[in-house]
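Reader: Please give me a close look at one part of this model, the contact between domains, and then set it in the rest of the chain. Keep to what the coordinates show.

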Amino acid sequence: MLSLKFLTPFRIIFAISFILAGCTQSADQAGQQQNTTPPNIIFMIGDGMGFEYISAYRYAMSEPGAGTLAPTPFDDLLLGAATTYPDDDTWVTDSAASATALATGVKSYNGAIGIDANKHPQQNMMERARSQGWYTGAISTVHVNHATPASFFTHHPSRKMYEAIADSLATPLQPGVWRFDVLLGGGYRYFSRDDKNWLPELQQQGMTVITEFDQLTTTTTTPVLGLFAAEALPAAIDDQPRLASMTQTALRLLTAKQQQQQQPFALMVEGSQIDWCGHANDIACAVHEMKDFAQALDVVLAYQKEHPNTLIVITADHSTGGLTLGQGGEYAWYSQKVMGITASLEVMTRELLELPRNQWREYLQPRLNLELTEEEWHRIAAVEVPAEAKGRDRQKAIRSAIVPIISSHTRTGWTTSGHTAVDVPVMAIGPGSEAFRGYQDNTDIGKALLKLIR
Ligand SMILES: [Zn+2]
């Protein structure tokens with residue numbers, strides 16, 4: 001019998017590995033495979049997903065007072081936390097600077113897409129993957145040329161250059177070498193414009209272009225560009241869950257590529273609208289986006305179980321809104337009231353503008369499902385929409401009347417309509433996951449991922 005008594009911790013691990021190695025042939029084979037082939041990388045970014053969003057999601061899925069919490073797919077994965085500050089004197093990053101840090105390992109200024117503070121292009125994760133013969137993909141629930149996916153494929157001085165970013169995505173790295181095998185999300189209008197319609201051109205060059213969500217399950221060829229909305233996809237609370245289906249399709253297509261040629265893949269999956277709900281201070285919207293992201297994580301974890309040589313890394317680019325669970329001195333956060341809300345503030349405020357004021361209460365009651373006081377109803381009915389306001393700015397006045405009411409009923413706190421500088425969670429599982437343990441900077445995550453692509 002092997003005695004563990006006098007062994008150092010390292011030797012114990014070695015001894016246990018030695019014993020376990022003899023147990024099954026498949027474990028042995030998996031170990032050998034992991035040593036020789038770099039792992040597939042699935043990098044999941046919850047845009048705006050600070051720790052507080054994970055807490056909100058966990059409580060919202062649990063029964064208050066039951067004494068136990070509902071399990072979430074995040075539970076076993078937490079390894080550390082990361083700072084997110086940009087390369088300036090503000091501490092508060094935007095999505096572009098943070099995505100650049102995560103994709104290239106280099107800090108930059110707010111607004112930068114894949115370039116450093118001196119505007120020099122930095123090699124990003126997908127370019128490195130391509131240079132090593134890997135397959136690549138990205139999924140977003142907003143437009144695919146938005147800051148996060150853009151920073152994984154392109155280099156631009158400003159995130160606002162949406163058309164130029166779309167042009168870059170539609171242009172091969174070199175003749176015959178597309179930047180991606182799978183790119184799914186929204187953004188149809190940026191690829192099909194008055195001055196340039198990329199879509200027929202891309203199809204002529206052999207790319208599959210899909211625009212209907214149902215086509216996800218029937219698509220079998222790559223490269224594939226899926227654009228399911230003119231801009232962002234509808235919020236999860238207003239529509240069907242969508243990130244899990246897109247993730248399933250991307251994994252199916254990338255695995256099929258892998259069967260032709262044994263090369264790993266790098267896939268970025270963005271839960272993009274957690275951030276948008278945070279900007280809107282819309283707690284119900286945020287929890288539903290978290291659910292959508294968690295469902296995509298379920299798909300990814302199931303994939304990893306079947307394909308153990310897959311590394312999953314999950315983080316956020318920053319937190320948004322200064323969300324807190326608890327507000328106004330009361331020791332409570334009413335998760336069930338949050339879950340009773342059935343539409344996003346974006347949709348509610350847009351639809352209210354189309355209704356006469358005397359129908360607002362009738363419209364809002366079944367959507368908010370909160371017991372508003374007469375004074376609160378009066379406050380909403382008396383909202384003044386500035387005559388000079390245009391487009392979505394007209395919704396702002398109504399939103400600023402409803403947010404404090406939802407916040408006070410559910411005891412949700414918000415400090416800003418922008419981002420915050422708090423640290424974000426870092427989770428990982430699979431070969432190489434140890435590199436993501438502890439307290440780190442967002443550039444360390446990017447650097448560690450680039451190192452694994454070889
Ligand atoms: Zn962001």
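Author: In the contact between the two domains, 16 residues of domain 1 meet 17 residues of domain 2; two residues are in contact if their C-beta atoms, placed from the backbone, lie within 7 Å. The model is predicted, so local features are given only at pLDDT of at least 70 and side-chain atom pairs only at pLDDT 80 or more, while totals for chains, interfaces and linings use all residues. Residues are numbered from 1 along each chain as its sequence is written.

On the domain 1 side, helix H3 (51–61) and helix H13 (283–306) each supply at least two of the residues that touch domain 2. H3 gives the most, with 5 residues. Helices (H or I, at least four residues) and strands (E, at least two) are DSSP runs, numbered from the N terminus. By type, the domain 1 side divides into 11 nonpolar, 2 polar and 3 charged residues. Here Ala, Val, Leu, Ile, Met, Phe, Trp, Tyr, Cys and Pro count as nonpolar, Asp, Glu, Lys and Arg as charged, and the others, Gly among them, as polar.

Domain 1 takes in two stretches of the chain, 38–323 and 417–452, and domain 2 covers 325–413; the bounds come from an automatic or database domain assignment. The C-alpha centres of domain 1 and domain 2 are 31 Å apart.

Next comes the loop that leads into H13. Asn281 sits between helix H12 (273–279) and H13, and its phi is positive, near 55 degrees. Asn281 counts as buried because it has 26 C-beta neighbours inside 10 Å; the cut-offs are 20 or more other C-beta atoms within 10 Å for buried, 12 or fewer for exposed, and partly exposed in between, with C-beta atoms placed from the backbone. A second asparagine, Asn369, also has a positive phi, about 50 degrees. Asn369 lies in the loop between helix H16 (360–368) and helix H17 (374–381) and counts as partly exposed, because it has 15 C-beta neighbours inside 10 Å. Most residues other than glycine have a negative phi, and most peptide bonds are trans. The bond between Thr222 and Pro223 is cis, with omega about -5 degrees, and Pro223 belongs to the loop between helix H10 (215–218) and strand E6.

That brings in the sheet. Its 10 strands form an open sheet with mixed pairing, in the order E5-E6-E4-E3-E7-E1-E8-E13-E2-E14; two strands pair if DSSP finds at least two bridges between them. The edge strands are E5 (208–210) and E14, each pairing on one side only. From one strand to the next the twist averages 15 degrees; axes are lines fitted to C-alpha atoms, for helices over the stretch in contact, and angles run from 0 to 180 degrees between N-to-C directions. Helix H19 (442–452) packs on this sheet, touching E1, E2, E8, E13 and E14, and its direction makes about 90 degrees with that of E14.

At one edge, E5 and E6 (residues 224–227) run parallel and are joined by 3 bridges, with Thr208 the bridge partner of Val224. Towards the other edge, E2 (residues 78–83) has 4 bridges to E13 (residues 424–429), in antiparallel pairing, and Ala81 is opposite Pro425 there. E2 also has 4 bridges to E14 (residues 438–441), running parallel to it, where Thr83 is partnered by Asp441.
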